[in-house]
Structures are given as C-alpha cells and as structure tokens.
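Load the model in a viewer and keep a selection prompt at hand. The stops below are meant to be taken in order.

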Amino acid sequence: SYFQLGAYRAEGCFQRLSDVLISGIERRGGRVVFGNGVKQILVDEQGRCRGVRCKNSDEYNSLYVISNADFNLTFSSLLGGKYSSVAEEMTRNTGISSSFFIVYAGITGDAGPYSSAGYFPSYDMEEYFMPDMAFDEKTTIGVTVATVEDQSRAPEGCSTLVLHEMTEASGKGLDKSACTEKIINKAESFMPGIKSRMAVLDSATPN
C-alpha cells in the first residue's frame with residue numbers, strides 16, 4: 001500500500017491514533033492499563049496462553065494473548081524460557097530484519113516541498129543493505145517532512161524533519177552522538193544549510 005497509495009500520517013500526531021484505539025476499547029467496556037509492563041505470559045496445562053502477569057504481580061486472564069514484543073523476548077523470556085528453542089530456530093532460519101536509527105529535528109523555515117523523500121548517492125542498491133555499510137557516506141537515508149501536509153505539527157515558521165538510516169536491529173555498539181552527526185552531515189550534503197537551522201534535536205537507536 002505504501003508504494004501504490006503513498007504514505008499516510010495521522011493529522012496532528014500519531015498519538016492521536018493511539019488515543020482513538022483506547023477510546024474504542026473503553027467504549028466497548030475494556031480498560032487500558034499504563035505503567036505496568038508484562039513480566040510473564042501465563043500458560044495453562046494444555047500449553048495454551050491464558051493471560052499475563054504484570055511486573056507488580058497483577059494478573060489478567062484472557063482467551064487470547066497478543067505480544068507486542070519481538071519473538072526473541074516473547075519466546076525466550078515472557079513464556080518462561082520453555083520455548084527458547086523456538087526463538088533460536090527462528091533466528092537461525094529467518095534472520096532479523098533491518099531496523100533504523102532515526103534523527104528527529106525541529107527546524108526553522110521549511111524543508112522543501114515533499115513530505116517523503118529518499119537520498120540515494122549511487123545506483124548500487126544492493127550495497128545499501130550490507131550491514132557493514134550503515135552510516136557510510138555512500139549509503140541511503142530517508143527523509144520525512146510531515147509539516148508539508150500538516151503544519152499543526154510545528155510552530156508557525158518552523159517544520160519537522162525526520163531522517164532515518166537502516167542499521168542492524170540490535171543497535172549494539174552504536175555511538176548515538178556520532179551516528180546522529182553522520183546522518184545530519186549526510187542530509188547537509190543534499191539539503192545545504194539544514195544543520196544550522198535545527199532548533200530541536202533528538203535521535204532514537206533501534207533498541
């Protein structure tokens with residue numbers, strides 16, 4: 001759908017999407033619990049998931065359990081270690097998909113006419129997906145400027161800018177400051193002057 005129809009974003013911010021989901025759950029008699037992470041998925045004698053135990057020892061029974069954690073954490077930890085072999089087998093056979101290092105910036109002025117763009121310094125597409133190429137000057141980064149379509153995301157005369165580069169899902173050994181600087185410098189090469197216009201800056205690693 002992304003390639004056929006384009007990118008869609010929640011007006012205002014993506015938090016509004018979460019708010020709508022919560023509202024729907026509550027209208028139907030459900031309850032959303034915050035600040036109490038799941039420690040364990042409870043399994044009955046037949047091996048069926050029957051609920052969860054939270055970090056404060058609260059328990060919730062259910063007919064179905066949907067884990068939002070990755071398969072490694074779900075099978076190796078939340079299910080008590082009994083299914084660790086499942087996680088190990090999945091890791092061996094399917095691998096782990098790439099993730100992103102993301103730079104979030106609030107800038108003065110605009111960042112161009114496009115809400116989504118990709119920077120491709122060469123035609124060697126295969127090279128972009130090599131793990132050891134992450135943060136290299138020759139690799140691609142993605143650019144998202146949501147304020148092109150929704151100016152409510154930033155104060156008047158300002159814009160939001162998101163830069164993202166593919167990297168390994170583990171994010172182990174990444175120097176956050178150094179990686180942020182590399183991505184910004186790469187953006188500067190095709191968006192001259194963007195670095196000096198950044199008023200707010202933050203970044204997120206894969207983990």
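Helices and strands in this tour are DSSP runs, a helix having at least four residues and a strand at least two, numbered from the N terminus. With that naming, select S115, which sits in the loop between β4 and β5. The model is a predicted one.

**Stop 1: S115 and its partner**

Is S115 buried or exposed? Its relative accessible area is 13%, and the cut-off for buried is under 20%, so S115 is buried. Add E149 to the selection: the side chains of S115 and E149 make a polar contact at 3.1 Å.

**Stop 2: the aromatic pairs**

Now show the aromatic rings. A pair of such rings is described by the distance of the centres and the angle of the planes. How many aromatic pairs are there? The count comes to 2.

Select F101 and F135 for one of them. The ring centres are 5.6 Å apart and the planes stand at 85 degrees, so this pair is edge-to-face. F101 belongs to strand β4 (residues 99–108), while F135 lies in the loop between α5 (125–128) and β6 (141–144); the pair thus links distant parts of the chain, 34 residues apart. Both F101 and F135 are buried.

Then select Y119 and F190. This aromatic pair is stacked, with 4.4 Å from centre to centre and 15 degrees between the planes. Y119 is in strand β5 (residues 116–119) and F190 is in helix α6 (residues 176–190), so the pair ties together parts that are 71 residues apart in sequence. Colour the two by accessibility: Y119 is buried, with a relative accessible area of 17%, whereas F190 counts as partly exposed at 30%.

**Stop 3: backbone angles**

Stay with F135 and switch to the backbone. Most residues other than glycine have a negative phi. What is the phi of F135? The value is positive, about 70 degrees, although F135 is not a glycine. The relative accessible area of F135 is 11%, so the residue is buried.

Go next to S57, in the loop between β2 and β3. S57 is another residue other than glycine with a positive phi, in this case near 80 degrees. S57 has a relative accessible area of 54% and is exposed.

Two glycines complete this stop. G29 follows α2 and has a positive phi near 90 degrees. G80 comes just after α3 and takes a positive phi of about 80 degrees.

**Stop 4: two helices**

From G29, step back to helix α2, residues 15–27. α2 has 13 residues and reaches 18 Å from its first C-alpha to its last, close to the 18 Å expected at 1.5 Å a residue.

From G80, go to the start of α3 and select D70 and N72. A side-chain oxygen of D70 reaches to within 2.9 Å of the backbone nitrogen of N72.

**Stop 5: the second largest pocket**

Helix α3 also leads to a pocket. Rolling a probe the size of a water molecule over the atoms shows where empty space is left. How much space lies in the second largest pocket? The volume is about 530 Å³. Select V38, V52, V65, I66 and S67, which are the closest to the pocket's centre of the 20 residues that line it.

Which elements each supply at least two residues of the lining? They are β1 (38–43), β2 (49–54), β3 (59–61) and α3 (71–78). β2 gives the most, with 3 residues. Coloured by class, the lining of the second largest pocket has 12 nonpolar, 7 polar and 1 charged residues.

**Stop 6: two contacts across the sequence**

Finish with C-alpha distances. V162 lies in strand β7 (residues 158–167) and counts as partly exposed, at 21% relative accessibility. Select Y104 with V162: their C-alpha atoms are separated by 4.7 Å, although the two residues are 58 apart along the chain.

T205 lies in the segment after β8 (198–204) and is partly exposed as well, at 29% relative accessibility. Add F100 to the view. The C-alpha atoms of T205 and F100 are separated by 7.1 Å, with the residues 105 apart along the chain.

Key: Residues numbered from 1 in each chain as written. Heavy atoms only, no water. 1 Å grid on protein atoms, 1.4 Å probe; cavity = no way out; pocket = protein on both sides within 12 Å on 5 of 7 lines; lining within 4 Å. Points joined across faces, edges and corners; volume = space filled by probe spheres on them. Nonpolar A, V, L, I, M, F, W, Y, C, P; charged D, E, K, R; others polar. Polar contact = N/O pair within 3.5 Å; in protein donor to acceptor, adjacent residues only side chain to side chain. Phe/Tyr/Trp six-rings, centres within 6.5 Å; stacked < 30°, edge-to-face > 60°. Buried < 20%, exposed > 50% of the residue type's maximum accessible area, 1.4 Å probe, protein only. Expected span 1.5 Å × (residues − 1).
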